[in-house]
Amino acid sequence: MADEIALLSTWPSMFGMRVRVALAEKGLKYEYREEDLRNKSPLLLLMNPVHKKIPVLIHNGKPISESMIIVEYIDEVWNHKSPLLPTDPFQRAQARFWADYVDKKLYDIGKKIIWSTKEEEQETGKKEFLECLKLLEGELGDNPYFGGQNFGFVDVSLVTFSCWFHTFESYGNFSIETECPKLVAWTKRCLEKESVSSSLADPHKIHDFASGVRKRFAIE
């Protein structure tokens with residue numbers, strides 16, 4: 001019997017995009033269900049009753065939540081091609097560490113840049129955001145990917161933020177390419193992969209979405 005796979009997400013979510021990239025890397029077909037987070041579906045509330053958040057992967061009726069947990073699940077279940085985590089235990093631990101760093105740092109710091117109404121908080125956010133990106137750029141080094149020669153777990157965790165870079169730059173008034181040229185080159189390299197380019201939202205549509213949210217909450 002063929003696997004039944006469904007993804008509950010929203011189109012601008014960098015977390016949902018991670019799952020889409022991982023599914024595309026494995027060549028898996030799935031049903032995509034767009035969620036309205038202001039009016040969450042009964043299915044989302046049923047499948048993620050604890051956090052009531054997207055993304056949720058439903059595999060043969062069983063739900064898996066939290067984006068990087070889902071990515072790891074996908075990598076373990078469909079291990080026939082495009083491994084995302086290395087086989088070496090130390091390298092696996094390092095990959096999880098950096099993916100966790102992206103999760104714990106970038107999103108919350110980025111919110112200060114886009115959603116804050118206070119100039120001082122926005123400036124602090126910009127400084128911290130660039131510090132995080134420079135640290136990640138140092139970890140990348142001269143490798144084509146964070147996974148070395150192969151696109152992997154950390155790449156999946158970070159690359160989906162790249163379609164928000166234009167929005168961060170616009171509201172923070174800075175250039176990521178000027179500050180982190182190697183990281184931007186890495187982004188362009190990742191976008192050459194069909195699994196990435198087909199899964200990421202258009203940066204200008206992301207900017208329009210953010211602008212709409214800012215207007216709704218009277219931030220601009």
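Which residues does S67 touch, not counting residues up to four places away in sequence?

## S67 and S65

In this predicted model, S67 touches F15, R18, V19 and P55, with residues up to four places away in sequence not counted. S67 is placed in helix α3. Its relative accessibility is 6%, so S67 counts as buried.

S65 belongs to strand β4. With a relative accessible area of 19%, S65 is buried, because buried means under 20%. Neighbours within four places in sequence aside, S65 is in contact with M47, N48, P55, V56 and I70. P55 thus appears among the contacts of S65 and is also touched by S67.

## Backbone geometry in the loops

Most residues other than glycine have a negative phi, and most peptide bonds are trans. Three sites in this model are described here against that background.

The peptide bond that joins I54 and P55 is cis, with omega at about 0 degrees. P55 is found in the loop between α2 (42-47) and β3 (56-59). The loop between β3 and β4 (62-65) holds N60, which is not a glycine yet has a positive phi of about 50 degrees. N60 is partly exposed, its relative accessible area being 36%.

N173 also has a positive phi, of about 55 degrees, although it is not a glycine. It lies in the loop between α7 and α8 (176-179). N173 counts as exposed, at 67% relative accessibility.

## Helix α4

Helix α4 comprises 27 residues, 89-115. At 1.5 Å a residue, the helix should span 39 Å, and its end C-alpha atoms are 39 Å apart, so the two values agree. At the start of α4, a side-chain oxygen of D88 comes to within 3.1 Å of the backbone nitrogen of F90.

The buried residues of this helix are A95, W98, A99, Y101, V102, L106, I109, G110, I113 and I114. They pack against six helices: α1 (14-25), α3 (67-77), α5 (119-140), α6 (153-159), α7 (165-172) and α11 (203-216).

One of these partners, α7, contains G172. At 6% relative accessibility, G172 counts as buried. Residues up to four places away in sequence aside, G172 touches I113 and K126; I113 is itself among the buried residues of α4. The C-alpha atoms of G172 and K29 are separated by 38 Å, and the two residues are 143 residues apart along the chain.

## Aromatic rings

A pair of aromatic rings is described by the distance of the centres and the angle of the planes. The model has twelve aromatic pairs. Among them, Y73 and W78 form an edge-to-face pair, at 6.3 Å centre to centre and with 80 degrees between the planes. Y73 counts as partly exposed, at 24% relative accessibility, whereas W78 is buried, with a relative accessible area of 7%.

W98 and Y101 also form an edge-to-face pair, because their ring centres are 5.5 Å apart and their planes lie at 70 degrees, an angle over 60. The two residues are three residues apart in helix α4, which means that about one helical turn separates them. Both W98 and Y101 are buried.

Elsewhere, ring pairs link W11, F129, W164, F168, F174 and F209 into a cluster. A charged side chain is also found at a ring: R20 lies over the face of Y32, at 4.5 Å from the ring centre.

## The surroundings of F151

Is F151, in the loop between α5 and α6, buried or exposed? F151 counts as buried, since its relative accessibility is 6%.

Not counting residues up to four places away in sequence, F151 touches V21, E25, P83, L84, Y145, V156, C190, K193 and V196. E25, one of these contacts, is 126 residues apart from F151 along the chain, and the C-alpha atoms of the two are separated by 9.5 Å.

Methods: Residues numbered from 1 in each chain as written. Heavy atoms only, no water. Helix = DSSP H or I, 4+ residues; strand = E, 2+ residues; numbered from the N terminus. Expected span 1.5 Å × (residues − 1). Buried < 20%, exposed > 50% of the residue type's maximum accessible area, 1.4 Å probe, protein only. Contact = heavy atoms within 4.5 Å. Polar contact = N/O pair within 3.5 Å; in protein donor to acceptor, adjacent residues only side chain to side chain. Phe/Tyr/Trp six-rings, centres within 6.5 Å; stacked < 30°, edge-to-face > 60°. Lys NZ or Arg CZ within 6 Å of the ring centre and 35° of its normal.
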